[in-house]
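Here's a quick briefing on the inside of this protein: its core, its pockets and its cavities. Have a look at the structure first, then go through the points below.

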Amino acid sequence: MDHRTPVRRRTARAAFPLLALALLAPACSGGVEGRPGAAGVRDPYFPKLGNGGYDVSHYAITLDVDPAGQTLRGTVEITARATQDLSSFNLDLAGLTVDSATVEGRPAAVNRAGNELTLRTEAEVEDRLHRGETFRAVVRYSGSPKTVTDPDESEEGWLPTDDGAVALGEPTGSMAWFPGNHHPSDKAAYDLTVTVPEGLTAVSNGVLAGPPATKKGRTTFRWHTAEPMASYLATLAIGRFETKTSTMPGGVTVFTAVDPEVAKESARTVARVPEIVAWETEHFGPYPFSATGAIVEREDDAGYALETQTRPFFPGPPSAGLLVHEMAHQWFGDSVTPESWRDMWLNEGLATYAEWLWEEEKEDTPAAESFRDAYEDEDNWAFAPAAPPSAARISDDPVYGRGAMVIHKIREAVDDDEEFFALLKGWTRKYRHGNASTADFTAYVEQATGQDLSGLWKTWLYGGSRPAANG
Ligand code: TRP
Ligand code: ZN
């Protein structure tokens, strides 16, 4: 659909002379022509990702999955607030077939072009889609969800496994299994109801909203995520799992799901989830969610671990260091989420620094030594962490290694560990459950420390070449 040409509807008022229309049109009902919501939010690396004109507050997703045939049938009910008067709006969806759609309970016209799904409402519904109004859209869809290949050639989206599938969404894969506003800047609460063949388990984010229910050989799992979640952090793992539930002091639910084939080798590390959450709470501030845990699949099931919200995903038994990394993302990435994919280093730099801190405290490797190793590593100097050269490089070494070096330089500038950890805690408090950009971070650090750190940013965050180690 061509969004440059707003479609003019014929309305009863259009018959009035223009002046009469201007005088008679009430300020806030009718009389306002909506316009199409934008097809993307102009992310520097994924310009078409996300959509303009509305803000999702809740996704209710119902899926019926046939793992043997790798097909699903789904319904998503989106509750959103219009941020402009809308005549139509887009969702992101890759593959699958849209069977029907409604907006405010009325049939909506559906158009698809690439990964953009456009819903155009009826005239009388449009008159209700004013800026500030809350509306509901329902999309029914079906088909074989696809695996998405990233610009860096890693695979995400829907990944079939021997006993089911796993859905991973960084940076754009979630559009392969449900239509939505798939940019990290639009966070929402989720309810996910998944039905699978009896004997398999469907694991997702958050907490179980009730016990699994089996009827006619199929079991339904209902997962609830109350805290805002960026869609790239949503996950669904279907398969045979050994699951364990417990509660941390303070009430956080711990739910772990491990593929039986790797259960034995995973047991020791997975049992450390509560210890690691507690250790990170001491360093980064209150744990931001009501649940935690881990999902461990087999090594070949995915090419990387991911910080899926409340329940990080691991392909194969994780090391303690990797668990520390993915769990640190719950604060840095999941609760405080990047404003755009350019701000990735805020995720990976801080999660990598969490590993350095863990090694410093638990393994006698001072962070200064990790800093020196990272400094010596040529791979870290390919580009500045706050400016990856392309979408294919947003998860390259500089984003991790140099990102962590920036944090270490801040620690040196602060020169007092109590103050440094207070700084980290203040950051997770200020942007808890929100979004933050690199500019938000540098402004916050300067304000909180009272220091002008422009030299540090220029050299370590934005600088292309390797400075002196003590520069
Ligand atoms: N965020 C993951 C981690 O560091 C790694 C990762 C997986 C990733 N897929 C990605 C990073 C896509 C950037 C883009 O634990
Ligand atoms: Zn990471």
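**What's inside**

The lining of the second largest cavity splits into seven nonpolar, three polar and no charged residues. Keep in mind that this is a predicted model. Below, that cavity comes first, followed by its larger sibling, the core, the pockets and one well-covered helix.

**The second largest cavity**

- This cavity has a volume of about 40 Å³.
- Its walls are made by F332, G333, V336, T337, P338, L346, N347, L350, W427 and A436.
- Strand 22 (336-338) and helix 6 each put in at least two of those lining residues.
- W427, part of this lining, also touches F332, V336, L346, L350, A436, S437, D440, F441 and Y444, leaving aside residues up to four places away in sequence.

**The largest cavity**

- The structure has two cavities of 30 Å³ or more, and the largest holds about 50 Å³ of space.
- Lining the largest cavity are I61, W177, Y190, D191, L192, S204, N205, W223, T225, M229 and A234.
- Strand 12 (188-197) and strand 16 (218-229) each contribute at least two residues to the lining of the largest cavity.
- By class, the largest cavity's lining comes out at seven nonpolar, three polar and one charged.

**The nonpolar core**

- The largest nonpolar core counts 135 residues, and L63, L119, L236, I410 and W427 are the ones touching the most other members.
- Helix 6 (residues 344-362) is the top contributor to this core, giving ten residues.
- At least three residues of this core come from each of domain 1 (20-263 + 289-317) and domain 2 (337-461).
- As a general backdrop, nonpolar side chains in soluble globular proteins tend to be buried together.

**The largest pocket**

- The largest pocket has a volume of about 380 Å³.
- It takes 21 residues to line the largest pocket, with E170, Y304, A305, S395 and Y400 lying nearest its centre.
- Which helix gives the most to the lining of the largest pocket? That's helix 5, with three residues.
- Helix 5 (320-328) and helix 6 each supply at least two of the lining residues here.
- The lining of the largest pocket has eleven nonpolar, four polar and six charged residues.
- Domain 1 (20-263 + 289-317) and domain 2 (337-461) each provide at least three residues of the largest pocket's lining.

**The second largest pocket**

- The second largest pocket holds about 240 Å³ of space.
- Its lining has 14 residues, and K244, T256, A267, V270 and A271 sit closest to the centre.
- Strand 18 (242-247), strand 19 (253-258), helix 3 (263-270) and helix 4 (273-284) are the elements giving two or more residues to that lining.
- Sorted by class, the second largest pocket's lining is eight nonpolar, four polar and two charged.

**Helix 5 up close**

- Helix 5 is mostly covered, with eight of its nine residues buried.
- The buried ones in helix 5 are A320, G321, L323, V324, H325, E326, M327 and A328.
- What do the buried residues of helix 5 pack against? Their partners are helix 3, helix 4, strand 20 (291-297), strand 21 (313-315), helix 6 and helix 8 (397-414).

Key
Residues are numbered from 1 along each chain as its sequence is written. Chains are lettered from A and ligands numbered from 1 in the order in which they are written. This is a predicted model: local features need pLDDT of at least 70, side-chain atom pairs count only at pLDDT 80 or more; totals for chains, interfaces and linings use all residues. Side-chain values use heavy atoms; hydrogens and water are left out. A nonpolar core is a set of buried Ala, Val, Leu, Ile, Met, Phe, Trp, Tyr and Cys residues joined through side-chain atoms within 4.5 Å. Buried means under 20% relative accessible area, exposed over 50%, partly exposed in between (1.4 Å probe, protein chains only). Helices (H or I, at least four residues) and strands (E, at least two) are DSSP runs, numbered from the N terminus. Domain bounds come from an automatic or database domain assignment. Contact means heavy atoms within 4.5 Å. On a 1 Å grid over the protein atoms alone, a cavity is a set of points where a 1.4 Å probe fits but cannot get out, and a pocket is an open set with protein on both sides within 12 Å along at least five of seven lines; lining residues have an atom within 4 Å of a point. Grid points are joined across faces, edges and corners, and a volume is the space filled by probe spheres set on the points. Ala, Val, Leu, Ile, Met, Phe, Trp, Tyr, Cys and Pro count as nonpolar, Asp, Glu, Lys and Arg as charged, and the others, Gly among them, as polar.
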